Amino acid sequence: MLGIRFALSGLVLAASLSAHAQVKIGVVSSATGPTALVGIPQKNTVALLPAKIGDLSVEYIPLDDASDPTASVTAVKKLISEQNVDAIIGPSGSPNAMGVIQFVADAGVPLLAPVGTAAVVTPMDDKKKWVFKTTQNDDIIATALVGHMVKSGVKTVGFIGVGDPYGENWYKVFSALAEKNGMKIVANERFQRQDASVTGQSLKILGAAPDAVLVAAAGGPAVLPQTTLVEQGYKGQIYQTHGAALPDFLKLGGKKVEGTILAASLMLVLPEIADSHPSKKIAAEYIAAYEKAHGTKPATFGANVFDAGLLLQQAIPAAAKVAKPGTKEFRAALRDSLEQTRELVGTQGIYNMSATDHSGFDERGRVLIAVKDGNWTLAK
């Protein structure tokens, strides 16, 4: 009997350790609401993330914040207090991500933010050190756009962006680069993601008669300013940020977005990318897996979540050597391991994290793209 009792105790202990060893990852996306075109491919990508990393099983707990920053906070708090997650991927929107930084930092839970604004990781401080960004920072994208503007002889620019951290940080980065390159911003307008009209703002831009216009918005809202300007007769070059890099931008904009220039992920023009580019193979594999699962090609925003999975896949084994999942020690070790990421090939580019850079992208993470005949193509 004693032997059986010890055996049963061992089984209970093993089961307990196995349950304790499971890694829990929360995923907050905007699968509904104004940011849904960004959030849906992110939510759909969760099923493609690794279910096992090393000897550890991984559970993903997806929540929809309906594009509402307040709901993002509620979701993050729930994941931390009720699910005891080891890390969180999300939220989808820049204002949503900015709003949860305080809470993940207080709890010591790493956040992998698939958002546009660099403000979630810059300037680095004791709170933002818990955040890792899986999209290109604004300056990498802006540098490519400004370079094209300079080559094209642009001297004056109109700017219209969303009135939240995404648009504000873009204006900050772009205005500094524009001034450095001898360009003048002659109009500076804002709109809200849920707005149905930007007629007033576009008329002000038209009145300033800029050589070019830069639209800084993410997802569906990126379309409205451009189509409005075209309808009102604007003939200059229109530029977009990587926030417009989704199939629905082409569908919703139609002929009115023809000729658009943006800098974004190589995923948009993968057939034109050299086979020697390290990200081409993994990007192709992700696209194929997504198409098989959902019957359509993914927007690059989904790839940002896929890359978050790749970052965790590399970082979790190192953290598991320090402590067991479900503990604050494991989460701290996971944060440290993510920060030590070197030359990790993702769908969007190559990640090299450091104590001061929690995005890690360089020029290998962007290409200059034009809209031609209703499709994306490498800009000439």
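UniProt positions are given in the numbering used here, feature names are shortened, and annotations may be inferred rather than shown by experiment. With that in mind, the UniProt record, an unreviewed entry, lists "domain: Leucine-binding protein" for residues 22-359. What you're looking at is a predicted model. Over residues 22-359 the chain is 42% helix and 17% strand, and the C-alpha atoms at the two ends of that stretch are 27 Å apart. Here's a quick tour, topic by topic.

**Strand β1 and its partners**

- A good place to start is β1, which is mostly covered: six of its seven residues are buried.
- On one pairing, β1 runs parallel to strand β3 (residues 56-64), and seven bridges join the two. Within that pairing, Val28 stands opposite Leu63 in β3.
- β1 also pairs with strand β4 (residues 87-89), again in the parallel sense, over three bridges. Here Val27 is the residue that stands opposite Ile89 in β4.
- As a bit of background, side chains in a regular strand alternate between the two faces of the sheet.
- Ser29 belongs to β1, which covers residues 23-29. Ser29 counts as buried because its relative accessible area is 4%, under the 20% cut-off.
- Who surrounds Ser29? Leaving aside neighbours within four places in sequence, Ser29 is in contact with Gly39, Gln42, Lys43, Leu63, Asp64, Asp65, Ala66 and Ser92.

**The seven-stranded sheet**

- Further along there's an open sheet of seven strands, in the order β8-β7-β9-β10-β11-β14-β15, with mixed pairing.
- Its edge strands are β8 (184-191) and β15 (375-378), each of which pairs on one side only.
- Ignoring direction, neighbouring strands of this sheet are turned by 25 degrees against each other on average.
- At the β15 edge, strand β14 (residues 367-372) and β15 run antiparallel, joined by four bridges. Look for Ala370 there: its bridge partner in β15 is Thr377.

**Helices on that sheet**

- Helix α7 (residues 199-208) packs on the sheet, where it touches β7, β8 and β9 (212-216). The direction of α7 makes about 175 degrees with that of β8.
- Helix α8 (residues 223-231) lies across β7, β8, β9 and β10 (237-240). Relative to β10, α8 runs at about 175 degrees.
- Which residues of α8 are buried? They are Val223, Pro225, Gln226, Thr227, Thr228 and Leu229.
- The cover over those buried α8 residues includes β7, β8, α7, β9, β10 and α9 (247-253).
- Just after α8 comes Gly233, which takes a positive phi of about 100 degrees.

**Aromatic rings**

- Rings of Phe, Tyr and Trp pair if their centres lie within 6.5 Å, and by this rule the count comes to six aromatic pairs.
- One of them is the stacked pair of Phe159 and Phe174, at 6.4 Å centre to centre and with 20 degrees between the planes.
- This pair links distant parts of the chain, 15 residues apart: Phe159 is in strand β7 (residues 156-162), while Phe174 is in helix α6 (residues 165-180).
- Are these two buried or exposed? Both Phe159 and Phe174 are buried.
- Tyr171 joins in as well, since ring pairs link Phe159, Tyr171 and Phe174 into a cluster.
- Tyr171 has a charged companion too: the charged end of Arg190 sits over the ring of Tyr171, 5.2 Å from its centre.

**Two more buried spots**

- Thr135 lies in the loop between β6 (131-133) and α5 (138-151). Why does Thr135 count as buried? Because its relative accessibility is 4%, and buried means under 20%.
- Not counting residues up to four places away in sequence, Thr135 touches Pro114, Val115, Gly116, Asn304, Ser359 and Phe361.
- Ala283 is found in helix α10 (residues 280-294). With 0% relative accessibility, Ala283 counts as buried.
- Beyond its neighbours within four places in sequence, Ala283 is in contact with Met267, Leu270 and Thr347.
- Ala283 and Gln348 are 65 residues apart along the chain, yet their C-alpha atoms are separated by 7.4 Å.

Notes:
Residues numbered from 1 in each chain as written. Predicted model: local features only at pLDDT ≥ 70, side-chain atom pairs only at ≥ 80, totals over all residues. Heavy atoms only, no water. Buried < 20%, exposed > 50% of the residue type's maximum accessible area, 1.4 Å probe, protein only. Contact = heavy atoms within 4.5 Å. Phe/Tyr/Trp six-rings, centres within 6.5 Å; stacked < 30°, edge-to-face > 60°. Lys NZ or Arg CZ within 6 Å of the ring centre and 35° of its normal. Pairing = 2+ DSSP bridges. Axes fitted to C-alpha atoms, helices over the stretch in contact; angles between N-to-C directions.
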